[in-house]
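Open the model in a viewer and keep the sequence panel in view. The stops below say what to select and what is found there.

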Amino acid sequence: MESDISQAFQEELTCFICLSCLTEPVTISCGHSFCRACLQLSWEDTHPPVHCPMCREPCQQKEMRTNVVLKKLVSIARQASLLKDLSSEEHKCVTHKETKRIFCVESRLFLCQLCSNSHEHRGHRHCPIEAAADHQLERVLKQMASLWEKIQENQENIEAENRTTTLCMEYVNLIEVIIRTAYRELHPFLCKEEEKHIECMRKEGQHVLEKLRKSEAMMIQKSKELRDMYQELMAMSQEPYVVLLQGLDDMVRRSESMQLSMPQGMQPELSALPITGLTERFKHIQVHIFFDNVTTFHYKMNLFNVLREFSFGHHRKDTSVDSVGCYLASWGSLSFNSGKYYWEVDLQESGDWAVGVCRDSWLKNTNQMIDDEGAFLLVCVKEGNHYSLLTTFPVFRHYIERPLGRIGVLLDCDDGCLSFVNVAKSSLIYKYPQGMFKNPVQPFFSSGHEGRGFNPAH
């Protein structure tokens, strides 16, 4: 009868997935319990709703809660097994014929009471074997939790790098079309310069793509190393306490060392290549813009923070600018309905900035959605030491070096299109397709920060 109860008790403490004694047991919505690590691996590549590995009942969220009662019962069972192992003849002290119930932290040895008081071990730290075993298991579980976070972080980086590679390829193809169109409109006879420009851009684009693929390959290799280490720790967590007490230190050191160096995603950036006489061609239509309407917007989900989240996602850090959520914006009183106009804006060494045109209705809307057809902007956002250049409606990221100094804005009201020029490099950044917006529109500029000198017009 007693053996039947013991067997039933042991079965209840067995994980359905690994068929070993539960380690860090968690319970899900249907009531079944599993090892945390087993369930994480089982659900890792599955999107909600997930299913219970035992009864297949659906769970809308990957929610798992530590089962405190089961965890205590598992600890009792493992300690009982430890004491049973230690009571065997092979674990008795050869010298004093006593059961070894004390663990020496320094020498990692099991000792009897008399040996722990000997000259050799008297100055060492000692503790009951049961307490030492529980501590060692917690060390393993702590390493596993930290390692799992790194595995997930690395997987996010792999997916982000893969997306960046695809977007960068699309960007190079799109910019090639825009550059060819620009040459044919501005310099129809400069065929050699056009081909040289395109060839340089293609070569650099190919080089960037190769670096992105190598970066992704490094992340995939790191993923394998992290997962192998996780499996090794997982196997160790399921070992009897006798093994856990003596074979852990090297494994923990390797795990900690592996987590110190994590491959980071690239921020690809192509060079701004010049087009001969680009800005000179617009001098005859250049106008002076008075940004005489200045205001400060105070809300966290503003233009810059939304695009910062879009660009940097999970790598973002909370900054003082984000928490304040304010930025300075200005626009010209003059609205443009027809004709062509060109003006330049001084960026004033701003980290965050936005330049372009917008409709009056967009300015009056406090939500100011970035995918709204009321604003056509070139926006730069900064995160740490990295910058991201984007255009709005639709939101599109540009993998090209950040312009410094002045930005040229070419507005063609008749064709309903807008172009942005890197003045210092005489380089075309982007040109919206024809018919993208309806008139009237107003010039817009924002420095992204409150309280600085503000005179963007040139």
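The tour goes through a surface patch, a helix, several salt bridges, a strand, a pocket and a cavity. Keep in mind throughout that this is a predicted model.

**Stop 1: a nonpolar patch**

Select Phe16, Ile17 and Met54, and show the surface. Together Phe16, Ile17 and Met54 make a nonpolar surface patch of about 240 Å². Then keep Phe16 alone: it sits in the loop between α1 (2-12) and β1 (25-27). Its relative accessibility is 40%, so Phe16 counts as partly exposed.

**Stop 2: helix α2 and its link to Glu24**

Move on to helix α2, residues 36-43. How many of its eight residues are buried? Six are, and the helix is mostly covered. To see them, select Arg36, Ala37, Cys38, Leu39, Gln40 and Trp43, which are the buried residues of α2.

Stay on Arg36 and add Glu24. Arg36 and Glu24 form a salt bridge, with 3.3 Å between the closest N and O atoms. This pair links distant parts of the chain, with Arg36 in helix α2 and Glu24 in the loop between α1 and β1, 12 residues apart. Is each partner buried or partly exposed? Arg36 has a relative accessibility of 19% and counts as buried, because the limit for buried is under 20%. Glu24, with a relative accessible area of 23%, is partly exposed.

**Stop 3: Arg108 and Asp249**

The structure holds 23 salt bridges. For another of them, select Arg108 and Asp249, whose closest N and O atoms are 3.8 Å apart. Here too the pair links distant parts of the chain: Arg108 is in the loop between β6 (102-104) and β7 (109-111), Asp249 is in helix α8 (residues 249-260), and their positions lie 141 residues apart in the numbering. Asp249 counts as partly exposed at 25% relative accessibility.

**Stop 4: helix α6**

Display α6 (191-237) and select Glu199 and Lys203. Their side chains meet in a salt bridge of 3.4 Å, N to O. Why are these two separated by about one helical turn? Because Glu199 and Lys203 are four residues apart in helix α6. An α-helix has 3.6 residues a turn, so residues three or four places apart point the same way. Colour the pair by accessibility: Glu199, at 43% relative accessibility, counts as partly exposed, while Lys203 is exposed, with a relative accessible area of 57%.

Now select Glu176, Arg180, Arg184, Glu194, Glu195 and Arg202. Salt bridges that share partners join these six residues into one network. Within the network, pick Glu195, which is placed in helix α6. Glu195 is partly exposed, its relative accessible area being 41%. Draw a C-alpha to C-alpha distance from Glu195 to Arg180: the two are 8.8 Å apart in space and 15 residues apart in sequence.

**Stop 5: strand β10**

Go to strand β10, residues 326-331, and select Ala329. With 0% relative accessibility, Ala329 counts as buried. Add Ala354, which is 25 residues from Ala329 in sequence; their C-alpha atoms are 8.7 Å apart.

**Stop 6: the second largest pocket**

The second largest pocket holds about 390 Å³ of space. It is lined by 19 residues, and to find its centre select the closest ones: Glu185, Phe282, Lys340, Leu410 and Lys431. Elements that give two or more residues to this lining are α5 (129-186), β16 (406-412), β17 (417-422) and β18 (427-431). By type, the lining has 10 nonpolar, three polar and six charged residues.

**Stop 7: the largest cavity**

Clip into the interior for the last stop. The structure has two cavities of 30 Å³ or more, and the largest cavity contains about 100 Å³ of space. Which residues are closest to its centre? Select Ile175, Met201, Ser271, Leu273 and Ile400, from a lining of 13 residues. The elements giving two or more residues to the lining of this cavity are α5, α6 and β18. Nine of the lining residues are nonpolar, three are polar and one is charged.

Technical notes
Residues are numbered from 1 along each chain as its sequence is written. This is a predicted model: local features need pLDDT of at least 70, side-chain atom pairs count only at pLDDT 80 or more; totals for chains, interfaces and linings use all residues. Side-chain values use heavy atoms; hydrogens and water are left out. Patches are made of residues with over 30% relative accessible area and no salt bridge: like charges are joined within 9 Å, nonpolar side chains (Val, Leu, Ile, Met, Phe, Trp, Tyr) within 5 Å. Accessible areas come from the Shrake-Rupley method with a 1.4 Å probe; for residues, only the protein chains shown count as cover. A salt bridge is a side-chain nitrogen of Lys or Arg within 4 Å of a carboxyl oxygen of Asp or Glu. Buried means under 20% relative accessible area, exposed over 50%, partly exposed in between (1.4 Å probe, protein chains only). On a 1 Å grid over the protein atoms alone, a cavity is a set of points where a 1.4 Å probe fits but cannot get out, and a pocket is an open set with protein on both sides within 12 Å along at least five of seven lines; lining residues have an atom within 4 Å of a point. Grid points are joined across faces, edges and corners, and a volume is the space filled by probe spheres set on the points. Ala, Val, Leu, Ile, Met, Phe, Trp, Tyr, Cys and Pro count as nonpolar, Asp, Glu, Lys and Arg as charged, and the others, Gly among them, as polar.
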